[in-house]
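This briefing introduces selected local features of the structure shown below. It covers two loop residues and one pair of helices.

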Amino acid sequence: MQPSKVGSLLASDAGLQPVAEKARLINALSKLCFDFLPPGLARLVRAVNVKDGQLVLLAASPAAAAKLKLLSETLRQFLLEQRAQVNSVLVRVQPGAGNVPEVTSRAPRRLSAGALQELARLHQKLPDSPARRALKTLLDHQLKK
């Protein structure tokens, strides 16, 4: 693979060598993390820094961060097995840090007329209970649409 213009520029300037080397290191650690993590979680995580042996990962949501924190020690051990010099993994939340899939809304489902009639009969037969109240809420919701 031929180096890009940016890569050639970075390689030619001795002052930028440390920056280029750190970028390559973060990229390599990011790929290792992607290989280790479950695919759904890996899409929500991005390696952003490594300093003094501490790898900093950004999670796209609090839920992804919580899962990642549970896996951080195992991830650190995996990285050490891959000869990466990582002593700890720090997880931070930054919405938009990963490729968060968009949530698409779907059309509300309606019960058929026959199903509504049967549920209404059942509601009338049930004694007063949490189940009867829940069924009433369902029926009211269906009739509003």
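Helices, of at least four residues, and strands, of at least two, are DSSP runs numbered from the N terminus. The model is predicted. Its loop residues D52 and R83 each have a positive phi, although neither is a glycine. Helices α5 and α6 pack with their axes 10 Å apart.

**Loop residues with positive phi**

- D52 is placed in the loop that joins β1 (45–51) to β2 (54–59).
- The phi of D52 is positive, at about 50°, although the residue is not a glycine.
- With a relative accessible area of 72%, D52 is exposed, because the cut-off for exposed is over 50%.
- R83 belongs to the loop between α4 (62–81) and β3 (88–93).
- R83 is likewise not a glycine, and its phi is positive at about 70°.
- The relative accessibility of R83 is 74%, so this residue counts as exposed.

**Packing of α5 and α6**

- Two packed helices are described by the angle between their axes and the distance between the axes.
- Helix α5 spans residues 113–125 and helix α6 spans residues 130–144; the angle between them is about 150°.
- The crossing of α5 and α6 is left-handed.
- On the α5 side, the contact is made by L116, L119, A120, L122, H123 and Q124.
- On the α6 side, R132, L135, K136, L138, L139, Q142 and L143 take part.
- By class, this contact of α5 with α6 comprises 8 nonpolar, 3 polar and 2 charged residues.

Methods: Residues numbered from 1 in each chain as written. Predicted model: local features only at pLDDT ≥ 70, side-chain atom pairs only at ≥ 80, totals over all residues. Heavy atoms only, no water. Buried < 20%, exposed > 50% of the residue type's maximum accessible area, 1.4 Å probe, protein only. Axes fitted to C-alpha atoms, helices over the stretch in contact; angles between N-to-C directions. Left-handed = near helix turned anticlockwise from the far one by under 90°. Contact = heavy atoms within 4.5 Å. Nonpolar A, V, L, I, M, F, W, Y, C, P; charged D, E, K, R; others polar.
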